[in-house]
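Hi there,

As promised, I am handing over the structure for you to look at. My notes on what turned up come right after it.

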Amino acid sequence: MAMALSVRFELKDEAAAAGFDELVARTVPLIISEEPGTLEYRVHTVDDAPLSRFFYELYASPEAFEDHERQPHVQAFLTERELYVASYRVERLIPTGGKDLISGD
């Protein structure tokens with residue numbers, strides 16, 4: 001069963017936002033190339049909140065998420081993000097309906 005989560009980061013200041021964005025730019029290509037169980041990994045800026053970032057993550061299974069968390073590039077991200085992040089909120093999402101825009105399911 002697939003597993004999804006959202007994460008909203010509040011960054012310390014504009015310099016921290018720039019550093020965080022650079023960290024994300026280094027990390028996301030590794031997630032794409034090294035994690036077949038990570039089905040979707042989207043990073044968004046938040047309209048009218050320049051110090052906020054929103055991530056949407058979709059994994060093939062809870063085990064795929066656990067594999068994601070063990071990756072060296074993710075461990076490095078989790079450590080370095082502390083330099084930039086004032087606070088964050090993680091929410092696990094439970095699918096209750098909708099449409100997959102790619103497959104139509």
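**The sheet and its helices**

Strands E1 and E3 are antiparallel partners, joined by 8 bridges. Please keep in mind while reading that this is a predicted model. One of the residue pairs between these two strands is Ser 6, whose bridge partner in E3 is Tyr 56.

On to the other pairing of E1. Strand E1 covers residues 3-11 and runs antiparallel to E4, with 8 bridges joining the two. If you want landmarks for that pairing, Leu 11 has Val 85 as its bridge partner in E4, and Phe 9 has Tyr 88. E1 is also mostly covered, with 7 of its 9 residues buried.

Put together, 4 strands make an open sheet in the order E2-E3-E1-E4, with antiparallel pairing. Which strands stand at the edges? They are E2 and E4 (85-93), and each has a single partner strand, so one side of each is left without a neighbour in the sheet. From one strand to the next, the twist averages 15 degrees.

Two helices pack on this sheet. H1 touches E1, E2, E3 and E4, and its direction makes about 20 degrees with that of E3. Helix H2, residues 62-70, also packs on the sheet and touches E1, E2, E3 and E4, but its direction makes about 130 degrees with that of E3.

**A buried glutamate**

The residue I would like to show you next is Glu 35, in the loop between H1 and E2. Glu 35 is buried and yet has no salt bridge. How far away is the nearest side chain of opposite charge? That side chain belongs to Arg 70, and it is 10 Å away.

What the Glu 35 side chain does have is polar contacts with two histidine side chains: one with His 68 at 2.6 Å, and one with His 73 at 2.7 Å. Leaving aside residues up to four places away in sequence, Glu 35 touches Leu 30, His 68, Gln 71, His 73 and Val 74.

**The loops on either side of E2**

Right after Glu 35 in the sequence comes Pro 36, found in the loop between helix H1 (14-34) and strand E2 (38-46). Is Pro 36 buried or exposed? Its relative accessibility is 75%, so it counts as exposed. Pro 36 and Tyr 59 are 23 residues apart in sequence, while their C-alpha atoms are 9.0 Å apart in space.

Asp 48 sits in the loop between E2 and strand E3 (49-59). Its phi is near 65 degrees, which is a positive value in a residue other than glycine. With a relative accessibility of 74%, Asp 48 counts as exposed.

**Salt bridges**

The structure holds 8 salt bridges, and here are some of them.

In helix H1, the side chains of Glu 22 and Arg 26 meet in a salt bridge, at 2.2 Å from N to O. The two residues are 4 apart in the helix, so about one helical turn separates them. Both count as partly exposed, Glu 22 at 37% relative accessibility and Arg 26 at 38%.

Helix H2 has one as well: Asp 67 forms a salt bridge with Arg 70, where the closest N and O atoms are 3.9 Å apart. Since they are 3 residues apart in H2, Asp 67 and Arg 70 are separated by about one helical turn. Asp 67 counts as partly exposed at 31% relative accessibility, whereas Arg 70, at 54%, counts as exposed. This is the Arg 70 mentioned above as the nearest side chain of opposite charge to Glu 35.

Arg 81 and Glu 82 also meet through their side chains in a salt bridge, at 3.3 Å from N to O. Arg 81 is buried, with a relative accessible area of 11%, while Glu 82 counts as partly exposed at 45% relative accessibility. Finally, salt bridges that share partners join Glu 22, Arg 26 and Glu 80 into one network.

Best wishes, and enjoy exploring!

Technical notes:
Residues numbered from 1 in each chain as written. Predicted model: local features only at pLDDT ≥ 70, side-chain atom pairs only at ≥ 80, totals over all residues. Heavy atoms only, no water. Buried < 20%, exposed > 50% of the residue type's maximum accessible area, 1.4 Å probe, protein only. Pairing = 2+ DSSP bridges. Axes fitted to C-alpha atoms, helices over the stretch in contact; angles between N-to-C directions. Contact = heavy atoms within 4.5 Å. Lys, Arg positive; Asp, Glu negative; His and termini not counted. Salt bridge = Lys/Arg side-chain N within 4 Å of Asp/Glu carboxyl O. Polar contact = N/O pair within 3.5 Å; in protein donor to acceptor, adjacent residues only side chain to side chain.
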